[in-house]
Amino acid sequence: MVDERRHIDRLQRSLDALRIPMPMSRVALDLVLRETIRRNRVRSGIVYLQITRGVARRDHGFPPPGTAPSIVITARNIDTSEQAAADGIAVITMPDTRWARVDIKSISLLPNVLAKQAAREQGAKEAWLVDQDGRVTEGSSSNAWIITRDNLLVTRPADIGILRGITRAVLIEAIKTKGLRLEERAFTVKEAYAAGEAFITGASQIVMPVVRIDGRSIGDGRPGPVTKALRRDFHNYSEWD
């Protein structure tokens with residue numbers, strides 16, 4: 001598993017914020033994750049888990065004290081072809097209508113689902129969400145990045161306005177190690193249109209080049225050299241276990 005420690009750390013932070021107890025120890029959870037992977041014969045894929053407050057009568061309040069949290073884990077193989085990365089993907093922009101605590105990784109993702117579907121219906125892979133000031137927050141299931149024409153990498157800071165992506169965090173370490181220039185700040189849609197390169201990051205997509213935003217070509221319309229290098233070298237900086 002790649003970056004398991006970081007993912008479970010974020011899971012624990014989110015559970016704490018939502019006042020849901022972890023249903024088992026980290027050691028036990030690690031064993032269950034690995035057994036799920038083994039039973040599903042996954043070699044290159046994803047393992048996914050959801051934890052809820054448990055089985056109880058429907059009510060807007062928390063269930064009675066002592067209710068055991070529920071956990072569901074799935075694992076499946078995914079397509080590891082590099083074709084999408086070689087071609088680059090298209091994204092659209094749309095208003096960010098989510099609640100104010102999207103830094104909590106929860107299953108309350110209806111605005112994200114609607115944004116992703118809107119992107120698909122427009123022939124795009126992802127939707128970048130835009131705040132009321134015209135600045136990009138993040139993608140519906142990814143973090144958003146641009147590279148200016150003078151090779152400055154820009155991504156929104158990990159405040160409560162975005163999910164603190166694990167791939168994003170690892171990539172920031174890689175960028176600093178490589179000596180590349182980075183600014184963690186909000187950027188506008190207009191800045192994104194004018195960028196030399198753009199990409200998204202996420203656990204299943206790693207570093208995925210963006211070559212069109214709202215139908216406009218980014219740079220020369222092909223994955224750029226900095227993005228390709230970051231994708232190539234990403235797993236040199238990940239934790240493998």
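**Buried charges, a β-α-β unit and a nonpolar patch**

Leu114 is exposed, with a relative accessible area of 53%. In this predicted model, Leu114 lies in helix α4, which covers residues 110-121. Together with Leu109, Leu110 and Val113, Leu114 makes a nonpolar surface patch of about 390 Å². A general point about helices helps in reading such a stretch: an α-helix has 3.6 residues a turn, so residues three or four places apart point the same way.

Helix α4 also contributes a charged contact. Lys116 in helix α4 and Glu126 in strand β4 (residues 126-130) are ten residues apart, and their pair links distant parts of the chain. Their side chains meet in a salt bridge with an N to O distance of 3.3 Å. Glu126 counts as buried because its relative accessible area is 0%, and Lys116 is buried too, at 17% relative accessibility.

This pair belongs to a wider set, as the structure holds 26 salt bridges. Side chains of opposite charge can pair when their charged atoms come close. A good place to look next is the start of the chain, where Asp3 sits in the segment before α1 (4-18). The side chains of Asp3 and Arg6 form a salt bridge of 2.5 Å, N to O. Asp3 counts as buried because its relative accessibility is 3%, and Arg6 is likewise buried at 11%. Salt bridges that share partners join Asp3 and Arg6 with Arg5, Asp9, Arg26, Glu173 and Glu239 into one network. The backbone of Asp3 deserves a glance as well: its phi is near 55°, a positive value in a residue other than glycine.

Glu4 takes part in a salt bridge with Arg34, at 3.4 Å from N to O. Here, too, distant parts of the chain are linked, with Glu4 in helix α1 and Arg34 in helix α2 (residues 26-39), 30 residues apart. Which of these partners is buried, and which is partly exposed? Glu4 is the buried partner, with a relative accessible area of 13%, whereas Arg34 is partly exposed at 29%.

Attention now turns to the strands. Strand β7 (residues 152-155) and strand β8 (residues 181-184) pair in the parallel sense over four bridges, and Leu152 stands opposite Arg181 in β8. With helix α5 (residues 166-178), β7 and β8 make a right-handed β-α-β unit. Ahead of this unit, Thr148 is found in the loop between β6 (143-147) and β7. Thr148 is buried, with a relative accessible area of 17%. Leaving aside residues up to four places away in sequence, Thr148 touches Val154 and Gly196.

Several of these elements reappear around helix α7, which spans residues 225-233 and has Val226, Thr227, Ala229, Leu230, Arg231 and Asp233 buried. What covers these residues? The cover includes α3 (83-87), β6, β7, α5, β9 (197-202) and β10. Strand β10 (residues 206-213) contains Ile206, whose phi is positive, at about 60°, although Ile206 is not a glycine. Ile206 is buried, with a relative accessible area of 16%.

Definitions and conventions. Residues numbered from 1 in each chain as written. Predicted model: local features only at pLDDT ≥ 70, side-chain atom pairs only at ≥ 80, totals over all residues. Heavy atoms only, no water. Pairing = 2+ DSSP bridges. Helix = DSSP H or I, 4+ residues; strand = E, 2+ residues; numbered from the N terminus. Right-handed = clockwise from strand over helix to strand, strands pointing away. Buried < 20%, exposed > 50% of the residue type's maximum accessible area, 1.4 Å probe, protein only. Patch = residues over 30% accessible without salt bridge, like charges linked within 9 Å, V, L, I, M, F, W, Y side chains within 5 Å. Areas by Shrake-Rupley, 256 points an atom, 1.4 Å probe, with all protein chains shown as cover. Salt bridge = Lys/Arg side-chain N within 4 Å of Asp/Glu carboxyl O. Contact = heavy atoms within 4.5 Å.
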